[in-house]
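This report goes through salt bridges, the contact between chains, and a few single residues. The sequence and the structure come first.

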Amino acid sequence: MAEPDERVALRDFWEVLEATRAEVEAAVEAAAAKVPSMAALMASMSPETREAQRRLSLAQQRAVLLEGRWDEYLADLRQQGAAYAQMGIEFRDWFGLLGTYRSNVRRHVLPDLDARRVGILWGMDRFTGVAMAEIGESYIAMKEDIVRRAEAEVARFVDLFQNASMGMVIWHLDEPGDPGSFRLVTANPAAARVSGTELLGAVGRQVRELPGDSRAPYLDLWLATLADRAPRSWTAVQGDDPETRRSFAAQCFALREDHLGVLFEDVTERQRMAARLDHHVRELERSNRELDDFAYVTSHDLKSPLRDVRNLVSWITEDVGATLPPTSAQHLKLVNDRVQRMEQLLDDLLEYSRVGRTVDESRPFTLREVLDSVLALQAPPEGFTVALEGDDYTLCTPRMPFEKVLRNLIGNALKHHDRAEGRVVVRADAAGDDRIEVRVTDDGPGIRQEFHERVFRVFQTLRPRDEVEGSGVGLAIVKKTVELFGGRARVESEGRGTAVVFTWPLRWAVTGA
Amino acid sequence: MPGRTVHVLLVEDNVIEHEAVRRAFTRERIGNPLAAATDGIEALALLRGTGGVEALPRPYLILLDLNMPRMNGLEFLTELRADPDLKDSIVFVLTTSRSDEDRVASYNLNVAGYIVKSDVGPGFVRLIGLLDHYWRVVEFP
C-alpha cells in the first residue's frame, strides 16, 4: 500500500468531517462533560463564546485541510495548551478527549470496517494514546520542576540581593569607552541605606545625569575592570568634616554584557574601632614600657644608698666592733641582714622588670640539657633528687628564659620542702602541635587551693621571710616569662605535693629588634 | 716606672664611695695620692688645671663612676677622648650598673676596664688591691 498524498488525504478528511460534524461534536462534548475540569470550563463559557469558537475552529480546519496553511492553527494550539495549563486542566484529560474525537470520526466515517479492523485501530490508539499521555505528563512535570527550581534559585539570589548588609549595585556601560554612560541598573536596599536614599532615584539614569561627581575618581577603574575582567577595590571617603566623614570599602567586578557589579560597605565604624584599638595598644605598650623603666631605674637607684648603708655598717664594725655592747653588735648585724634582704628584693625586682627586655635568638636545645645545666648551678641538697621523666623534647626557642623558668621552679621545690628527703620530677607532654606542657612536681608540703593564684603575684610569699628567705618574685618571673612566650602557668596541688605546670612553644620566631 | 708616683683620680658623686676607696687604700697600705672629683666637670677642671686648681700631674689613673649629676661618666669620657691633651688617659669604670648598654658604651670610649662594684667590705678592698698591682706593672703613656 502506497503512502497517501498528504493534500489528497487532508481534503478527504475534510469532506468526512463536514459530513459527520454534528455527531462527532456531540460525542466529544458528552465525553468532555464527564471530565470535571473540562465541564467547568465549558460551563463558564457563554453560548456566544462557544459559537465563536466553533466558527474559528471551522475556519482553521478549512485553512489547514483544504489550503495547507498550518501557521494560524499551530499558534492557536499553543495558546490553547498554555490556557489549559493555566486553568489547571491536566494534559492527560484533554489528550483523552482527542482519543474520543478520533474514535467517533472513525465510527462515523468508516462504518463498513469489520470488528477486527476496528479492534486493531482501537488497540493502536489505546497503546499510543496512553504512551503519549504519560510521556506528556511527565515531560510537563519535569519542565515545571526545572522552572520552579530556577525560580527558587532566582528568588534566593533576589533575597540575597535585597537583604545583604553590603551595598550592591549593578551598572551598565551604555556606550563602550564612555565612563559617563554608566547607567545604574539596580541597587539593593543596603546600598540605599549606606550611601543615601537618592540612589534609588538614580536607577535607570546615567552617571553624567547624576548630581555631584563623587563617582568620578572610580569610573576609569570601572572601565578597566570591564576591559580586563579583573576585580578592583578602592576606598572612598564621603564628606569633609572629620566628625561626620564616612569611609567606604568598595570593589567592582565585571558581569555579563557590559554590566558591572559594585559591592561596598561603610567601614567608618570599623576604621574608628581599629584606630581606637591601635591607640589603646600603643598606650598600653607605652605604659608597660614606662613601668618596666620605672622598676628598672628605681631598683637600680635604690641599691646605691643600700650599698652605702652596708659600707657604713661594715666600717663601724671594723673600727669599734670590739668595743660595742653585745646588743648593739647584734643590732648592727640585723641592720646588715635587712639591707641584704632589701638588696635581694631589688635584684629580683630588677630581674622581674627585665623579663622580655632582651630576648636572645632561638636555638635548638633539649629538656635534658637545660635540666643538667640547672642542676650544675644548683645541686640538690643531700637527700633530694631531681629527675626528668617521660619523653625528652627538643625545643627551638631562646634558651635562657626557659632555663630561668625551670631554675626558679626547681629552686622553689627544693627551698620550700619541709622534709629531709624529697623528689622533684620534671616531665613534658605534647600540648597540641606546637607546644609542650612542662610539669615540675615535688612531694613537699603542697599549696592550699586559695593561694594557687596568689603565688604568681610579685612579692607574695606564703611564709615569713625570717623562716624561708625569698622575695616572692620567683613565680612572678615564671609567669611573666611563660606568658611572654604565649603560654600559661598554673599550680596544681591537693594535700601534699605541688605541681607547677606551664606551656612552652616548640618553636619561637624572634621578632623585632 | 720607679720614681714616678701614680696619682689616682676618683670621679664619683657619692662621698661614701670616696670614703670606701680611702679606707681601702689605707687597708692595702697604698700610699698613692688620691684626688677626688664629684662629677665630670670637676674632674675635667682638675685634669686641665683650669678654674684656679693645679693640673693633676702625670702619670695618673682615673676611677670613674657613671651616674653623676651635671656631667655623667659617659659624657666625661666622650669629652676626655676628644681632648688631644687628655685622650690617652687610663680610665677604669667603677660602677654599680650592670647594664649592657653602659658596658658597651664605656669600652667604645676605650676604658681600660669596666668593673661592677657589687661587693662591699673585703671584696672591695681586694678590688682596690688589684688596681694597685695594675698601676705598678703597667707602663703609663
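Across the interface of chain A and chain B, four salt bridges are found. The model is a predicted one, and every value below is computed from it. On the side of chain A that touches chain B, helix 10 (residues 268–320) gives the most, with 12 residues.

A:Glu318 takes part in bridges to chain B. With B:Arg23 the side chains meet at 2.9 Å, N to O. This pair crosses between chains, running from helix 10 of chain A, where A:Glu318 sits, to helix 1 of chain B, which holds B:Arg23. A:Glu318 also forms a salt bridge with B:Arg27, and here the closest N and O atoms are 3.6 Å apart. A:Glu318 has a relative accessible area of 36%, so this residue counts as partly exposed. B:Arg23 has a relative accessible area of 18% and is therefore buried, since buried means under 20%.

The size of an interface is often given as the accessible area lost when the parts come together. For chain A and chain B this buried area is about 1400 Å², and 45% of it lies on carbon and sulfur atoms. The contact draws 13 residues from chain A and 18 residues from chain B. Between the two chains, four residue pairs are in polar contact, counting pairs with both residues at pLDDT 80 or more.

Over all chains, the structure holds 46 salt bridges. Side chains of opposite charge can pair when their charged atoms come close. The table lists some of the pairs, including two that lie within chain A.

| Pair | Closest N and O atoms |
|---|---|
| A:Glu318 and B:Arg23 | 2.9 Å |
| A:Arg272 and A:Glu269 | 3.2 Å |
| A:Asp125 and A:Arg102 | 3.5 Å |
| A:Glu318 and B:Arg27 | 3.6 Å |

A:Asp125 and A:Arg102 form a salt bridge that links distant parts of the chain. A:Asp125 belongs to helix 6 (residues 115–163) and A:Arg102 to helix 5 (residues 91–109), and the two are 23 residues apart. A:Asp125 is buried because its relative accessibility is 15%, whereas A:Arg102, at 36%, is partly exposed.

The bridge between A:Arg272 and A:Glu269 is set within a single helix. These residues are three apart in helix 10 of chain A, so about one helical turn separates them. A:Arg272 is partly exposed at 30% relative accessibility, and A:Glu269 is partly exposed at 43%.

Salt bridges also join into a network, whose members are A:Glu25, A:Glu29, A:Arg50, A:Glu51, A:Arg54 and A:Arg55.

In chain B, is B:His18 buried or exposed? At 6% relative accessibility, B:His18 counts as buried. Its place is in helix 1 (residues 15–27) of chain B. Apart from neighbours within four places in sequence, B:His18 touches B:Leu10, B:Glu12, B:Ala36, B:Ala37 and B:Thr38.

Which residues make the nonpolar surface patch of about 240 Å²? The patch is made by A:Trp70, A:Leu74 and A:Leu77. Of these, A:Leu77 lies in helix 4 (residues 71–87) of chain A. A:Leu77 counts as partly exposed because its relative accessibility is 35%.

Technical notes
Residues numbered from 1 in each chain as written. Chains lettered and ligands numbered in written order. Predicted model: local features only at pLDDT ≥ 70, side-chain atom pairs only at ≥ 80, totals over all residues. Heavy atoms only, no water. Patch = residues over 30% accessible without salt bridge, like charges linked within 9 Å, V, L, I, M, F, W, Y side chains within 5 Å. Areas by Shrake-Rupley, 256 points an atom, 1.4 Å probe, with all protein chains shown as cover. Helix = DSSP H or I, 4+ residues; strand = E, 2+ residues; numbered from the N terminus. Buried < 20%, exposed > 50% of the residue type's maximum accessible area, 1.4 Å probe, protein only. Contact = heavy atoms within 4.5 Å. Buried area = accessible area lost by both parts, 1.4 Å probe. Polar contact = N/O pair within 3.5 Å; in protein donor to acceptor, adjacent residues only side chain to side chain.
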